[in-house]
Amino acid sequence: MIERRGKMKLFIFCVVIIYAVVPNLYYRKISKKIIKKVSSKEKIIALTFDDGPDPRYTLKLLDVLKQNNVRCTFFVLAEKAGRYPDIIKRIENEGHYIELHSLKHTNDIFKLPNKTEEDLSKSLKIMKNLGIKVEFFRPTWGIFNPVTFHCAKINHLKIVLWSIHAMDWSRWVTADYIKNKLIKDVKPGDIILLHDGRGAKESPLKTVKALKSVLPALKRDGYRFVMINEIYSNN
């Protein structure tokens with residue numbers, strides 16, 4: 001009985017390693033097919049936002065972006081996009097780029113292959129109904145299972161992660177931390193991950209507050225904000 005339990009534990013351990021650990025190590029650390037940043041002599045950066053749209057935060061963020069004449073990329077959750085089509089329309093009308101984060105914010109690390117494919121299919125259908133042609137995909141948490149890349153590929157989607165993350169979703173992170181992190185650490189070709197939805201204790205409001213200082217500071221330093229399709233063309 002003890003030997004049988006030992007074999008079962010070993011089997012479960014191997015399944016976890018193969019299904020969860022290996023894909024994430026490969027795609028996040030090794031694969032050249034995943035976009036994380038670009039090599040650029042120009043001072044260009046891509047500002048990206050996950051987990052919206054959310055009427056509590058996205059509208060305030062759009063106001064700040066408009067005031068600073070900055071365009072960015074929104075990786076939206078398809079279910080929320082379908083719930084708030086007016087916000088999606090405003091994002092479009094103000095010249096931003098809309099791409100796909102997922103159907104809803106779930107961790108795909110142990111999601112079965114058919115469920116991964118089904119969620120992506122539902123997401124793309126919602127986006128199509130909103131008039132959005134999706135070209136780029138960012139999995140939630142930046143997590144891969146063995147079929148994540150394959151499902152994106154057969155739907156002609158390029159996967160985008162990031163090179164700068166200000167941890168702005170955390171309850172422990174302040175607006176000043178976000179501001180200092182971005183101003184001090186950003187380099188040409190960086191893809192910056194921030195959030196306009198979810199997070200602890202209304203975290204996106206701290207992000208909006210920080211950006212009121214960050215955007216003009218980076219522009220004064222000579223940085224030009226581009227959308228993910230533009231930075232990809234430099235890849």
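**Exercise 1. Find which residues of helix α2 are buried, and where they sit around the axis.**

Solution. Step 1: take the helix, residues 58-67. Helices here are DSSP runs of H or I with at least four residues, strands are runs of E with at least two, and both are numbered from the N terminus. Step 2: list the buried positions. They are Thr58, Leu61, Leu62, Val64 and Leu65. Buried means under 20% relative accessible area, exposed over 50%, and partly exposed in between (1.4 Å probe, protein chains only). Step 3: check the arc. These residues cover only 160 degrees around the axis, which puts them on the same side of α2. The arc is that of the directions from the helix axis to the C-beta atoms. Step 4: look at the face turned away from the buried side. That face carries the exposed residues Lys66 and Gln67.

This is a predicted model: local features need pLDDT of at least 70, side-chain atom pairs count only at pLDDT 80 or more, and totals for chains, interfaces and linings use all residues. Residues are numbered from 1 along each chain as its sequence is written, and side-chain values use heavy atoms, with hydrogens and water left out.

**Exercise 2. Explain why strand β2 is largely enclosed, and identify its strand partners.**

Solution. Step 1: count the buried residues. Five of the five residues of β2 (residues 73-77) are buried, so the strand is largely enclosed by the rest of the structure. Step 2: split them by face. Thr73, Phe75 and Leu77 cover one side. Phe74 and Val76 take the other. Step 3: find the pairings. Two strands pair if DSSP finds at least two bridges between them. β1 (residues 44-50) runs parallel to β2 and is joined to it by three bridges. Threonine 48 stands opposite threonine 73 there. Strand β3 (residues 97-102) also pairs with β2 in the parallel sense, over five bridges. In that pairing, leucine 77 has serine 102 as its bridge partner. Step 4: add the helix. β1, α2 and β2 make a right-handed β-α-β unit. Right-handed means that, with the strands pointing away from the viewer, the path from the first strand over the helix to the second runs clockwise.

**Exercise 3. Place strand β7 among its neighbours.**

Solution. Step 1: check burial. Five of the five residues of β7 (residues 191-195) are buried, so this strand is largely enclosed by the rest of the structure. Ile191, Leu193 and His195 point one way, Ile192 and Leu194 the other. Step 2: go to β1. Five bridges join β1 to β7, and the two run parallel. Aspartate 50 stands opposite histidine 195. Step 3: go to β6. Two bridges join β6 to β7, again parallel. Isoleucine 164 has isoleucine 192 as its bridge partner. The chain crosses from β6 through α7 to β7, and this β-α-β crossover is right-handed.

**Exercise 4. Locate the cis peptide bond and two positive phi angles.**

Solution. Step 1: recall the background. Most residues other than glycine have a negative phi, and most peptide bonds are trans. Step 2: find the cis bond. It joins glycine 52 and proline 53, with omega about 0 degrees. Proline 53 lies in the loop between β1 and α2. Step 3: find the phi values. Asparagine 69 has a positive phi of about 50 degrees. Its place is the loop between α2 and β2. Histidine 156 has a positive phi of about 60 degrees. It sits in the loop between α6 (148-154) and β5 (158-159). Step 4: check exposure. Asparagine 69 counts as exposed at 67% relative accessibility. Histidine 156 is exposed, with a relative accessible area of 67%.

**Exercise 5. Trace the salt bridge between aspartate 185 and lysine 181, then name a salt-bridge network.**

Solution. Step 1: apply the criterion. A salt bridge is a side-chain nitrogen of Lys or Arg within 4 Å of a carboxyl oxygen of Asp or Glu. The whole structure holds 16. Step 2: test the pair. The closest N and O atoms of aspartate 185 and lysine 181 are 3.1 Å apart. Step 3: place the pair. The two are four residues apart in helix α7, so about one helical turn separates them. Step 4: add accessibility. Aspartate 185 is partly exposed at 30%. Lysine 181 counts as partly exposed at 22%. Step 5: name the network. Salt bridges that share partners join Lys111, Lys115, Glu118, Asp119 and Lys122 into one network.
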